[in-house]
Amino acid sequence: MEFYVEQKVLDLGVKIIGVEIDGIDNKTISDEYLQWRKDEVGVLLEKYKDFDVKQDEVLEAFYTLHEKVNVPRRKNIPASENLIKLLIKKQGLFEINKAVDIYNIISMESKLALGAHDIDKLSGNITLRLTDGTEKFRPLGSEEDKPVKPGEYSYIDDNNEILCWLEIRQVEKDKVTEDSKNIFYIVQGNEKTSDDLLYETADRIVDTTVRFCNGNGKILIPQIIGE
């Protein structure tokens with residue numbers, strides 16, 4: 001699998017790197033992992049106790065990206081903001097499975113938009129590019145395809161199927177389950193996030209996932225197309 005990014009997307013202010021982790025065990029739950037998750041959630045609850053998302057420049061910069069591609073603010077909440085709001089509302093983590101819970105925790109810590117995709121369910125390579133309106137898009141939890149407008153940045157495989165629309169909605173096709181073995185992660189920032197933060201976050205995904213799920217991980221620098 002290769003990872004590409006269109007120059008037009010970078011010109012919008014999107015910052016992006018990828019992570020690939022192969023051979024994970026996403027089923028075995030250790031006491032060490034449960035304690036780590038409990039401790040991390042406790043830290044996050046304290047961090048966001050009096051948090052005002054509207055005053056955060058990193059989260060606000062995702063909305064700036066959306067405005068550049070004519071996506072309305074209402075109901076289109078950046079992934080990391082949505083996770084933080086759910087954490088505050090639930091006063092805890094919305095648990096899914098080990099690999100997903102790990103990257104969700106790291107997303108809330110960093111405020112970067114993270115996403116995970118089962119490599120074995122993908123069709124060929126992944127390209128972060130602007131849509132042309134012909135793409136197939138079936139969001140997570142939906143039983144039917146949704147129409148796609150042209151000009152919206154999305155992660156798309158070689159079968160012209162959207163894997164993640166903006167950094168907001170992932171899809172049914174390649175969702176990570178307990179049976180997933182090989183995972184591709186997006187690590188996306190914006191004009192208010194430093195390059196160092198992207199790499200630090202990617203390293204944390206690799207280190208933490210390998211610690212609790214085993215496997216082998218590496219950072220993927222996307223190849224730029226359309227320069």
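**Group meeting talk: a walk through a predicted model**

Let's begin with glutamine 7, which is buried because its relative accessible area is 19%, and the cut-off for buried is under 20%. Please keep in mind that everything I show today comes from a predicted model. Glutamine 7 sits in helix 1, residues 7–12. Setting aside its neighbours within four places in sequence, glutamine 7 is in contact with Ile224, Ile225, Gly226 and Glu227.

Now over to helix 3. How far apart are the end C-alpha atoms of helix 3? They are 17 Å apart, and the 12 residues of this helix, 57–68, should span 16 Å at 1.5 Å a residue, so the two values agree. At the N-terminal end, aspartate 56 acts as a cap, with a side-chain oxygen 3.1 Å from the backbone nitrogen of valine 58. The buried residues in helix 3 are Val58, Leu59, Ala61, Phe62, Tyr63, Leu65 and His66. Look at the spacing in that list with this in mind: an α-helix has 3.6 residues a turn, so residues three or four places apart point the same way. The cover over the buried residues of helix 3 includes helix 1, helix 4, strand 3, strand 5 and strand 8.

Just after helix 3 we meet asparagine 70, with a positive phi of about 60°. Why does that deserve a second look? Most residues other than glycine have a negative phi. Asparagine 70 lies in the loop between helix 3 and helix 4, and with a relative accessible area of 67% it is exposed. Asparagine 160 also has a positive phi, near 65°. Its place is in the loop between strand 5 and strand 6, and at 24% relative accessibility asparagine 160 counts as partly exposed.

Next, the inside. Which residues touch the most other members of the largest nonpolar core? Of its 35 residues, they are Val19, Tyr185, Val187 and Ile205. The elements that give two or more residues to this core are strand 2, helix 2, helix 4, helix 5, strand 3, strand 8 and helix 6. Helix 5 gives the most, with 7 residues. If you zoom in on tyrosine 185, not counting residues up to four places away in sequence, you will find that its contacts include Ile17, Val19, Tyr103, Ala116 and Ile205. There is also a second, separate core of 31 residues, and among them are Val71, Phe137, Val148 and Ile156.

On to empty space. Rolling a probe the size of a water molecule over the atoms shows where it is left. The largest pocket here has a volume of about 740 Å³. Of the 33 residues lining this pocket, the closest to its centre are Leu83, Tyr103, Leu140, Ile168 and Gln170. Helix 4, helix 5, strand 3 and strand 7 are the elements that give two or more residues to the lining.

Strand 7 brings me to my last stop, arginine 169, which is in that strand, residues 169–170. Arginine 169 is partly exposed, with a relative accessible area of 32%. What does its side chain reach at 3.2 Å? That is the backbone oxygen of lysine 75. The side chain of arginine 169 also makes a polar contact with the side chain of asparagine 76, at 3.4 Å. Beyond its neighbours within four places in sequence, the contacts of arginine 169 include Phe137, Leu163 and Cys164 as well. Finally, arginine 169 and arginine 138 are 31 residues apart in sequence, and their C-alpha atoms are 9.5 Å apart in space.

Thanks for listening!

Notes. Residues are numbered from 1 along each chain as its sequence is written. This is a predicted model: local features need pLDDT of at least 70, side-chain atom pairs count only at pLDDT 80 or more; totals for chains, interfaces and linings use all residues. Side-chain values use heavy atoms; hydrogens and water are left out. Helices (H or I, at least four residues) and strands (E, at least two) are DSSP runs, numbered from the N terminus. Buried means under 20% relative accessible area, exposed over 50%, partly exposed in between (1.4 Å probe, protein chains only). Contact means heavy atoms within 4.5 Å. A polar contact is a pair of N or O atoms within 3.5 Å; within protein, one must be able to donate a hydrogen and the other to accept it, and residues adjacent in sequence count only if both atoms are side-chain atoms. A nonpolar core is a set of buried Ala, Val, Leu, Ile, Met, Phe, Trp, Tyr and Cys residues joined through side-chain atoms within 4.5 Å. The expected span of a helix is 1.5 Å times one less than its number of residues. On a 1 Å grid over the protein atoms alone, a cavity is a set of points where a 1.4 Å probe fits but cannot get out, and a pocket is an open set with protein on both sides within 12 Å along at least five of seven lines; lining residues have an atom within 4 Å of a point. Grid points are joined across faces, edges and corners, and a volume is the space filled by probe spheres set on the points.
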